[in-house]
Amino acid sequence: MLLSAYWHGLHPGYYLSFLTIPLCLAAEGRLESALRGRLSPGAQKAWDWVHWFLKMRAYDYMCMGFVLLSLGDTLRYWASIYFCIHILALAALGLGLALGGGSPSRRKTAPQATSLAPEKLREE
């Protein structure tokens, strides 16, 4: 992410936005692993919609670093909306950890098909 920010140019807003992504991903992974599996199928659909909606709002929030470019302008805008995505991500991360959510890599419970020969894997 830092390399991508460098590629786009040396604007602090890029770095602020790119450095917000790991926090959001950690919060998303922990909370999803802690809660989604405990929900009914209908509640999981509602969860998925809320998850999508919040993810899009996080993109909107981080996009302002690309629009405003400067450190002061980006932080001033985020402060004007009370750093809502940062606060929400920290709260989600804390809740996910409190509920025993594991890392995103531990969420994968499907067994791997490693016992199949390479020819069988190509056929599937």
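**Helices and core of a predicted model**

The protein has seven helices and zero strands. Helices (H or I, at least four residues) and strands (E, at least two) are DSSP runs, numbered from the N terminus. This is a predicted model: local features need pLDDT of at least 70, side-chain atom pairs count only at pLDDT 80 or more, and totals for chains, interfaces and linings use all residues. Residues are numbered from 1 along each chain as its sequence is written, and side-chain values use heavy atoms, with hydrogens and water left out.

Visitor: Is Ser17 buried or exposed?
Guide: Ser17 lies in helix α2, residues 12-35. Buried means under 20% relative accessible area, exposed over 50%, partly exposed in between (1.4 Å probe, protein chains only). Ser17 has 1% relative accessibility, so Ser17 counts as buried.

Visitor: Which residues is Ser17 in contact with, leaving aside its neighbours within four places in sequence?
Guide: Contact means heavy atoms within 4.5 Å. With those neighbours left aside, the partners of Ser17 are Met62, Gly65, Phe66 and Trp78.

Visitor: Which helix gives the most to the largest nonpolar core?
Guide: A nonpolar core is a set of buried Ala, Val, Leu, Ile, Met, Phe, Trp, Tyr and Cys residues joined through side-chain atoms within 4.5 Å. The largest has 14 residues, with Cys24 and Met62 among those with the most contacts inside it. At least two residues each come from α2, α3 (41-68) and α5 (84-98). With five residues, the top contributor to this core is α3.

Visitor: What percentage of the residues of the protein count as buried?
Guide: The protein has 124 residues. The share that counts as buried is 25%.
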